[in-house]
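Reader: I'm new to reading protein structures and would love a close look at a single part of this one. Could you pick a part, go through it slowly, and then show me how it fits with the rest?

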Amino acid sequence: MIQRIIRKSVAILTRHLRREIEHNKMLTARLLTEQNRTKNTSDLQEVEFKVFSQWGDDGIIQYLVEKIDFPHQTFIEFGVESYVEANTRYLLMNNNWSGLIIDGSPENIAAVKSDEIYWKYDLQAVSAFVTAENINGLIGAAGFEREAGILHIDIDGNDYWVWKAIDVVSPVVVIMEYNSVFGGELPVTVPYQPDFYRTKAHYSNLYFGASLQALCDLAEEKGYDFIGSNSHGNNAYFVRKDKNPGFKPLTCQEGYVVSKFKESRDQGGALTYLRAGERLAALKGMEVLNTRTQQMQLL
């Protein structure tokens, strides 16, 4: 009996502390947003700050919201896991945007739906393994307007192919994860496999997604300007050309950032901590598709 009371009290205290920490983080973020509002910069890294994003993307997104005209305050993000750490959570809670999030794990989506944010805000959470074949149906079923606000794709695999396939919406801003390991010159992506899983594809966990150059080429085809990357070298930002308020369009080489986080693994699944200059060698002999020539080549 006493133990149950103690456990219940600890759970209540934990929830209370979480809310207090969250509240204080959001207050700090609002102060930083006010400071950034006075800036007139095209360097997205100058306005970074973190609330719920893994890196400094919360600050970048807030800056873009201040500078760009968004007819629809809506977002779509997939690959969110349990949505505790995500690039659109602060946008949902601070700006009260409406959103659709998708994750392949039913358990993750169940966790989202049990969070109080699910009744407090206009959020739809869907469990589905995203493919190029089903993404338009998933977005369309959620009832999104053709001109969505922000689209963020981070699925560690078919990112290039999924963005290429999307035609049911034309977001104002697109945030794409890119694979820094592929470098800033090659226009390449992993070949399309509907069931692609990065750990199964190569034990190193480094074989996934697309290079920044491949994404920049695709962005140009779709009518977007590349305006920069976050400072950690994993997210690239694109704004639709007709909505660009004056951000300087960048070449891939101008906006490419080398990632420095060390997530490589050995065949037993243990981290090997390969640094930036060592990671590509771990993928030697793996096949990628050159998105310009449409030919397969070896890394």
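Author: Let's take a sheet, then a helix beside it, and finish with the whole chain.

A little housekeeping comes before that. This is a predicted model, so local features need a pLDDT of at least 70 and side-chain atom pairs count only at pLDDT 80 or more, while totals for chains, interfaces and linings use all residues. Residues are numbered from 1 along each chain as its sequence is written, and side-chain values use heavy atoms, with hydrogens and water left out.

Now the sheet. It is an open one with three strands in the order β6-β9-β10, and the pairing is antiparallel. The edge strands are β6 (188-189) and β10, each of which pairs on one side only. In general, strands of a sheet pair through backbone hydrogen bonds, either parallel or antiparallel. Names like β6 come from DSSP runs numbered from the N terminus: a helix is H or I over at least four residues, and a strand is E over at least two. Two strands count as a pair if DSSP finds at least two bridges between them.

Start with β9 (residues 287-290) and β10 (residues 295-298): they run antiparallel and are joined by four bridges. In one of these pairings, asparagine 290 has glutamine 295 in β10 as its bridge partner. Four residues sit between the strands of this hairpin, and glutamine 294 takes a positive phi near 60 degrees there.

Next, look towards the other edge. β6 and β9 also pair in the antiparallel sense, here over two bridges. Asparagine 290 turns up again: valine 188 stands opposite that residue of β9. So asparagine 290 is a handy landmark, with glutamine 295 as its partner in β10 and valine 188 facing it as well.

From the sheet we can move to α9 (212-222), since β6 is among the elements that cover the buried residues of this helix. The cover also includes α7 (159-165), β5 (173-177), β7 (224-229), β8 (235-240) and α10. "Buried" here means under 20% relative accessible area, "exposed" means over 50%, and "partly exposed" is in between, using a 1.4 Å probe and protein chains only. Eight of the 11 residues of α9 are buried, so the helix is largely enclosed by the rest of the structure. Among those buried residues are Leu212, Leu215, Cys216 and Asp217. After α9 comes glycine 223, with a positive phi near 90 degrees.

Just ahead of α9, in the loop between α8 (198-201) and this helix, you'll find asparagine 205. Its phi is positive too, about 70 degrees, although asparagine 205 is not a glycine. Asparagine 205 is buried, with a relative accessible area of 12%. Compare tyrosine 273, found in the loop between α10 (252-255) and α11 (276-279). Phi of tyrosine 273 is near 60 degrees, again a positive value in a residue other than glycine, but tyrosine 273 counts as partly exposed at 49% relative accessibility.

Another helix to look at is α2 (residues 57-67), where nine of the 11 residues are buried, so this one is also largely enclosed by the rest of the structure. Its buried residues include Ile60, Ile61, Tyr63 and Leu64.

One more loop residue is worth a visit: threonine 131, between β3 (123-127) and α6 (135-141). Threonine 131 is buried, at 10% relative accessible area. Leaving aside neighbours within four places in sequence, threonine 131 is in contact (heavy atoms within 4.5 Å) with Val162, Tyr192 and Pro194.

Finally, zoom out. The chain has 11 helices and 10 strands. Its radius of gyration, taken over C-alpha atoms, is 20 Å, close to the 19 Å that the globule rule gives for 299 residues, so the chain is as compact as a globular protein of that length. That rule is 2.2 Å times the number of residues to the power 0.38. Along the principal axes, the C-alpha atoms fill a box of roughly 65 × 50 × 35 Å. Buried residues make up 49% of the 299. Of the contacts with a separation of 6 or more, 67% are between residues 24 or more positions apart.
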